[in-house]
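Hi,

Here is the structure I promised to pass on to you. Have a look at it first, and my notes on what turned up are underneath.

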Amino acid sequence: MVEKVYPMTLEGKEKLEQELEELKTVKRGEIIERIKVARSFGDLSENSEYESAKDEQAFVEGRITTLENMIRFAEIIDNEGVDNDEVSIGKTVTFVELPDGDEEEYTIVGSAEADPFSGKISNDSPIARALIGKKVNDEVTISTPGGDMLVKITEVKKS
C-alpha cells in the first residue's frame, strides 16, 4: 500500500508538530480531567457533561492520529532548483485579473497547511494548479467553479 505524501513547507510542518504537541501534552490532560469530574456526577446514561467530554476525546484522538500521519509522510518542498520568478509550492504569487485589474495574492502551500482565510491556498486548488510552473508576466486562464478567469502574474516571491 502506498501512503499519501503531504507536500508542505518547513514552517507548515513545524506548525503541525506544535499542534500535535499541544494536543498530546495539554488537551488530552484537560479532557481526562473533564471525564473524571463528569463521572463524579453519577449516572452516566443521562450525563451530558460525560458525553460531551467523550465526544471531544474522540475528536482529539482522531486529530492526533491525522497529524502524526501527516508529519510522518511530510515532504518538505525545496525551491532551490526553481527560478525566483516561477510559481511553486512555498512561494507567494500576486496576480491581476484581466481586464478589470483586481489584484489578488496567495501563498501556495501543501493541502495539509492550506488556510484560504489567511491567503494560503492548497497546491491542489484550481488556482494553484493553473499557476504552478508559470512566471512573472505570464497570462494564465484559471478554470474555477464560478467560470474561467484570465490573470496576469505580477510578482512571485519566496514566503
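Ile142 touches a run of residues that begins with Pro126, Ile127, Ala130 and Leu131 and goes on to Gly147, Asp148, Met149 and Val151, leaving aside residues up to four places away in sequence. Please keep in mind that this is a predicted model.

Ile142 also turns up in the largest nonpolar core, which has 17 residues: together with Ile127 and Leu131, Ile142 touches the most other members. At least two residues of this core come from each of strand 3, strand 4 (103-109), helix 3 (126-131), strand 6 (139-144) and strand 7 (147-158). There is a second, separate core as well, with 16 residues, among them Met8, Ile31, Ala38 and Met70. As background, nonpolar side chains in soluble globular proteins tend to be buried together.

Next, the sheet. Five strands form an open sheet in the order 5-4-3-7-6, and the pairing is mixed. Strand 5 (120-122) and strand 6 are the edge strands, each pairing on one side only. From one strand to the next, the twist averages 45°.

Which way do strand 6 and strand 7 run, and how many bridges join them? They run antiparallel, and six bridges join them. The link between strand 6 and strand 7 is a hairpin through two residues. If you would like pairs to click on, Ser143 has Asp148 as its bridge partner in strand 7, and Glu139 has Lys152 as its bridge partner in that strand.

Strand 3 is worth a look too. Strand 3 pairs with strand 7 in the antiparallel sense over eight bridges. Within that pairing, Lys91 has Lys158 of strand 7 as its bridge partner, while Phe95 stands opposite Ile153. Strand 3 is also joined to strand 4 by five bridges, and these two strands run antiparallel. Here Thr92 stands opposite Thr107 of strand 4. The hairpin of strand 3 and strand 4 has four residues between the strands, and Gly101 in this hairpin takes a positive phi near 85°.

How many of the eight residues of strand 3 are buried? Seven of them are, and the strand is mostly covered.

One residue of strand 3 (residues 91-98) that I looked at in detail is Thr94. Is Thr94 buried or exposed? Its relative accessible area is 4%, so Thr94 counts as buried, the cut-off being under 20%. The side chain of Thr94 makes a polar contact of 3.1 Å with the side chain of Glu105. Leaving aside residues up to four places away in sequence, Thr94 touches Glu103, Glu104 and Glu105, and also Lys152, Ile153, Thr154 and Glu155.

Finally, the overall layout. The domain assignment splits the protein chain into domain 1 (6-76) and domain 2 (86-158). The centres of domain 1 and domain 2, taken over C-alpha atoms, are separated by 33 Å. As for where they meet, eight residues of domain 1 are in contact with eight residues of domain 2.

That is everything from my side for now. Happy browsing, and do write back with any questions.

Best wishes

Technical notes:
Residues are numbered from 1 along each chain as its sequence is written. This is a predicted model: local features need pLDDT of at least 70, side-chain atom pairs count only at pLDDT 80 or more; totals for chains, interfaces and linings use all residues. Side-chain values use heavy atoms; hydrogens and water are left out. Buried means under 20% relative accessible area, exposed over 50%, partly exposed in between (1.4 Å probe, protein chains only). A polar contact is a pair of N or O atoms within 3.5 Å; within protein, one must be able to donate a hydrogen and the other to accept it, and residues adjacent in sequence count only if both atoms are side-chain atoms. Contact means heavy atoms within 4.5 Å. A nonpolar core is a set of buried Ala, Val, Leu, Ile, Met, Phe, Trp, Tyr and Cys residues joined through side-chain atoms within 4.5 Å. Two strands pair if DSSP finds at least two bridges between them. Axes are lines fitted to C-alpha atoms, for helices over the stretch in contact, and angles run from 0 to 180 degrees between N-to-C directions. Domain bounds come from an automatic or database domain assignment.
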